[in-house]
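Me: Please take a close look at a single part of this structure, one pocket, and then follow its residues and elements outward. I am new to it, and a careful, connected account would help me.

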Amino acid sequence: MEIRIRKGEIRDLSRLKELIVELAVYEKEPDAVEVTIAELEKDGFGSKPLFGFFVAEINGVIQGIALHYFKYSTWKGKCLFLEDIIVNIEYRDKGIGKLLFDEVVKVAAINGCKRLEWQVLKWNVSAIGFYKNKYNADIDGEWFNGRLVENQIQQIAKQLK
């Protein structure tokens, strides 16, 4: 099995979307994916790209991705956020996730990031074990995730006018 890790390209977006949907199904949210390939293209390859990604090809077929973007911490400065590592279920436990994560670590190092951050669901014990065992990562149970969704944002914005 030949594994090749490379930077994602526009031609990879349909496979990226397929893997995003696969992740949503795995995370018990099969209807949650709203992003379109057109949005992925605009946001990832427009004049001001909002994200970057790596792909893992096995025998020429993309079987995994790692999507990341920069964020800023008021306490630390520039940080890199790993949004998702997704590996096709048939190819998990073959070291592909580690290869993808290592590429993201390189991006953080090259760009002088103060932190590399990501989230993991508390029930995803295999992912938690991966980050703790392979990287001695800190999985913080203290912080809660806050979120407003699009319709909430729009409703609040209307009230602010």
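Reply: Helix H2 (37-45) and strand E2 (52-58) each supply at least two residues of the lining of the second largest pocket, where helices (H or I, at least four residues) and strands (E, at least two) are DSSP runs numbered from the N terminus. The model is predicted, with local features needing pLDDT of at least 70 and side-chain atom pairs counting only at pLDDT 80 or more, while totals for chains, interfaces and linings use all residues. Residues are numbered from 1 along each chain as its sequence is written, and side-chain values use heavy atoms, without hydrogens or water.

E2 gives the largest share of that lining, 3 residues, and the full set consists of Lys-7, Gly-8, Gly-44, Phe-45, Pro-49, Phe-51, Gly-52, Phe-53, Phe-54, His-68 and Val-107. The pocket has a volume of about 150 Å³, this being the space filled by probe spheres set on grid points joined across faces, edges and corners. A pocket is an open set of points, on a 1 Å grid over the protein atoms alone, where a 1.4 Å probe fits, with protein on both sides within 12 Å along at least five of seven lines; lining residues have an atom within 4 Å of a point.

Two of the lining residues lead further into the model. Phe-53, which lines the pocket, also belongs to a core of 13 residues, with Leu-13, Leu-40 and Ile-62 among its other members, and this core lies apart from the largest one. His-68, another lining residue, is in contact (heavy atoms within 4.5 Å) with Leu-82. Leaving aside neighbours within four places in sequence, Leu-82 also has contacts that include Leu-67, Phe-101, Val-104, Leu-116, Trp-118 and Tyr-131.

Leu-82 is, with Ile-96, Leu-100 and Tyr-131, among the four residues that touch the most other members of the largest nonpolar core, which has 20 residues. Such a core is a set of buried (under 20% relative accessible area, 1.4 Å probe, protein chains only) Ala, Val, Leu, Ile, Met, Phe, Trp, Tyr and Cys residues joined through side-chain atoms within 4.5 Å. Two or more residues come from each of E2, strand E4 (77-87), helix H3 (96-110) and helix H4 (125-135), with H3 giving the most, 6 residues.

E4 runs parallel to strand E5 (residues 115-118), to which 4 bridges join it, and strands pair if DSSP finds at least two bridges between them. One of these links E4 and E5 through Leu-80 and its bridge partner Leu-116.

H3 also holds Val-105, which is partly exposed (between 20% and 50%) at a relative accessible area of 33%. Val-105 and Arg-115 are 10 residues apart in sequence, and their C-alpha atoms are 9.7 Å apart in space. In the loop between E4 and H3 lies Asp-93, whose phi is near 65°, a positive value in a residue other than glycine, and at 83% relative accessibility Asp-93 counts as exposed (over 50%).

On the other side of H2 in sequence, the loop between H1 and H2 holds Lys-28, which is not a glycine yet has a positive phi of about 65°; Lys-28 is exposed, with a relative accessible area of 59%. Ser-14, placed in helix H1 (residues 13-26), is partly exposed at 40%. Between Ser-14 and Glu-41 the separation is 27 residues in sequence and 9.9 Å in space, C-alpha to C-alpha.
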